[in-house]
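The following exercises concern salt bridges and nonpolar cores. Please study the sequence and the structure before reading each solution.

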Amino acid sequence: MQKVILLVEDDKEISHLIKSHLEMENFTIITAFDGEEALSHFQQHKVDLILLDLMIPKLSGMELLKIVRETSLVPVLIISAKGSDIDKALGLGFGADDYISKPFSMIELTARVNAAIRRATQYSTIEKQSIANTLHYKELTLDLNSFTAQVKDRVVKLTSKEFHMLKLMMTNKSRVFTKEQIYQLIWEDDYFGNENVINVHIRRLREKIEEDPSNPQYIQTVWGIGYKLGE
């Protein structure tokens, strides 16, 4: 069955170029040229991935992303000319799965699309086959069905990346992971010193599950190496 991609890009020439290329790669493409149209398509269709430009009219890419993340963990790949580290951190912090800056090659775009869909499919299969549906550590519980965490009696909603990073650590409680290992295991991509991406996700995750994010009890920093769960 063909995978369905929602392409949100207000530049019709770029949209047509991307659509034509991905259709040749056997994807079904639904196009939207503004945020409101994209939201309507998202609510009406089951999509496997969203390609989202940040600079779109009516409803911005960031606003659309926040709305999508309220109900869905569908992979979101941001495509934008705004390529600074600040914009990358902001986009990824709101729940995007990956970020590619314009101009980009169609080969790179296709590789990132395939990787994002493959990750989502693999994780979905793993969750369906898993016998245990919860993981526990101290007062932290990770629900593998609802993609949420619970700290004491407080339920926490997680983004896809936050969920899988926490799951990685909770299933390897005594292991220290370097930033490179985290990136390669969660993003399944080569690591090119993308420390900012990992830092943003760790900070966001700590803000959600730690009582005092500046003095974390669950996600510990092992200085000079990386991160681990607990003491």
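**Exercise 1: A pair in one helix**

In this predicted model, Glu 108 and Arg 112 form a salt bridge whose closest N and O atoms are 3.1 Å apart. Determine how the two residues are placed in helix 5 and whether each is buried or partly exposed.

Solution. Helix 5 spans residues 106–129, and Glu 108 and Arg 112 are four residues apart in it, so about one helical turn separates them. Glu 108 has 32% relative accessibility and counts as partly exposed. For Arg 112 the value is 18%; because buried means under 20%, Arg 112 counts as buried.

**Exercise 2: A pair between two helices**

Which parts of the chain does the salt bridge between Lys 208 and Glu 162 tie together?

Solution. The closest N and O atoms of this pair are 2.7 Å apart. Lys 208 belongs to helix 8 and Glu 162 to helix 6, so the bridge links parts 46 residues apart in sequence. Lys 208 is partly exposed at 24%, whereas Glu 162 is buried at 1%.

**Exercise 3: The largest nonpolar core**

State how many residues the largest nonpolar core has, and which helix gives the largest share.

Solution. The core has 30 residues; Leu 140, Leu 166 and Ile 209 are among those with the most contacts inside it. Elements giving two or more residues include strand 7, helix 6 and helix 8. Helix 6 provides the largest share, six residues. Beyond neighbours within four places in sequence, Leu 166 is in contact with residues including Leu 140, Ala 149 and Ile 209.

Technical notes
Residues numbered from 1 in each chain as written. Predicted model: local features only at pLDDT ≥ 70, side-chain atom pairs only at ≥ 80, totals over all residues. Heavy atoms only, no water. Core = buried A, V, L, I, M, F, W, Y, C linked by side-chain atoms within 4.5 Å. Buried < 20%, exposed > 50% of the residue type's maximum accessible area, 1.4 Å probe, protein only. Contact = heavy atoms within 4.5 Å. Salt bridge = Lys/Arg side-chain N within 4 Å of Asp/Glu carboxyl O.
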